[in-house]
Amino acid sequence: MRKRTVLAWVVAVVCFVVLMIVTPAIPQSQEYHDFADQRTFFGIPNALNVISNFPFMIIGLIGVILCHHGNYFKLSLQGELWGWTCFYVGVAAVAVGSSYYHLKPDDARLVWDRLPMTIAFTSIVAIFIIERIDERKGMISIIPLVLIGIISIVYWRQAYSFVLLCTRPLYYWNLEVHSLIKIHCGSQYYGDFILWQKFFDDLRPYAVVQFAPCIAIPLMAILLPPMYTHSTYWLWAAGFYLLAKVLEAADKVIYEWTHHIVSGHTLKHLSAAMVPVFLTLMLAKRSVDSERQSLLKTWRVSWTKYREGNSNVESYTISYSNVPVEEPQ
């Protein structure tokens, strides 16, 4: 088992390195900040995009309270408690970070919008490992996975600096060129050196952190045997997240369709908030699954029973007999 774990991590790292080599960098488009609905209500700029984050705060706080108050969710494993706590803290923090960003959208504030989301994404992956693969490995993976999410954001916004040019030789060769360089570089000119600073501005690691769970979680929910019942709620949550991404992409289109009543981005927030709602309902309703049967197997059994039920129909035998007919004389 340990060899399989190491092999899995090696394969994941190799795939990520290959992805970073063969794909071009994905810079953050500045058009992303140009949302359709920029109306101000009650002195709040971009009001609906700000206010629509409020459900995240409500469901996040409710989740944290129910995790720790009387163990309402009946979490039997320590790793589960930590994982779900990180998830709900991330959900509540989305309300703060996203509201802060939408008050004045730019790259610097977008960091605080995306950071809580990565905590929620990576916590969910750790929870799945705990419930469906191995408790100990899942619990150990919580902190590394959360750190991977944070690093993906830091990598995008991290600036790197290096000395581009030593200008001292130019001073002796051409004083006029040396002066022009000094004026052009301004505050980046330090003595005889030019300091060049640039952001990585590459969203590829963040894209992996965001979209890999969107593929892995539904697959794991379908293929791996669960510890608890009500696994279909995972699929409902995944469906609402997919809907949220569609609404986000159709922000301006939906704003036009609704005659400037509501934008796609506002509806995206409300749809995304349904993800923790469904997961909270799942935690409240579920119980230990003694059979530990995957959804795929459950669906196969149901389909087999359905087909057998349709084939077990009564058959009727119809017999014909010849009746003599007497012709009138």
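## Two pockets and two buried residues

By class, 25 of the residues lining the largest pocket are nonpolar, four are polar and three are charged. Keep in mind that this is a predicted model. The protein chain carrying that pocket has 13 helices and three strands. Buried residues account for 37% of its 329 residues. Among contacts in the chain with a separation of 6 or more, 77% are between residues 24 or more positions apart.

**The largest pocket**

- Its volume comes out at about 1200 Å³.
- In total, 32 residues line the largest pocket, and Trp9, Ala12, Val125, Leu145 and Ile148 are the ones nearest its centre.
- Helices α1 (2-22), α5 (107-132), α6 (135-157) and α9 (204-223) are the elements that each give two or more residues to this lining.

**The second largest pocket**

- Here the volume is about 880 Å³.
- The lining of the second largest pocket takes in 43 residues, with Phe121, Gln210, Cys214, Tyr241 and Lys245 closest to the centre.
- Two or more residues apiece come from α4 (78-103), α5, α9, α10 (232-249) and α12 (264-285).
- Sorted by class, the lining of the second largest pocket splits into 29 nonpolar, nine polar and five charged residues.
- If you're tracing helices on screen, look at α5 and α9: they are listed for the largest pocket, and they turn up again for the second largest one.

**Arg114, a buried charge**

- You'll find Arg114 in helix α5.
- Arg114 is buried but has no salt bridge.
- The nearest side chain of opposite charge belongs to Asp113, 5.6 Å away; that pair makes no salt bridge because the cut-off is 4 Å.
- Leaving aside residues up to four places away in sequence, Arg114 touches Gln28, Tyr32, Ile153, Trp156, Leu203 and Tyr206.

**Pro276, a buried proline**

- Pro276 sits in helix α12, one of the elements that give two or more residues to the lining of the second largest pocket.
- With a relative accessible area of 3%, Pro276 counts as buried because the limit is under 20%.
- Its touching partners, again not counting residues up to four places away in sequence, are Ile59, Phe87, Tyr88 and Val91.
- Take Tyr88 as an example: along the chain, Tyr88 and Pro276 are 188 residues apart, yet their C-alpha atoms are separated by 8.0 Å.

Terms used. Residues numbered from 1 in each chain as written. Predicted model: local features only at pLDDT ≥ 70, side-chain atom pairs only at ≥ 80, totals over all residues. Heavy atoms only, no water. 1 Å grid on protein atoms, 1.4 Å probe; cavity = no way out; pocket = protein on both sides within 12 Å on 5 of 7 lines; lining within 4 Å. Points joined across faces, edges and corners; volume = space filled by probe spheres on them. Helix = DSSP H or I, 4+ residues; strand = E, 2+ residues; numbered from the N terminus. Nonpolar A, V, L, I, M, F, W, Y, C, P; charged D, E, K, R; others polar. Buried < 20%, exposed > 50% of the residue type's maximum accessible area, 1.4 Å probe, protein only. Lys, Arg positive; Asp, Glu negative; His and termini not counted. Contact = heavy atoms within 4.5 Å.
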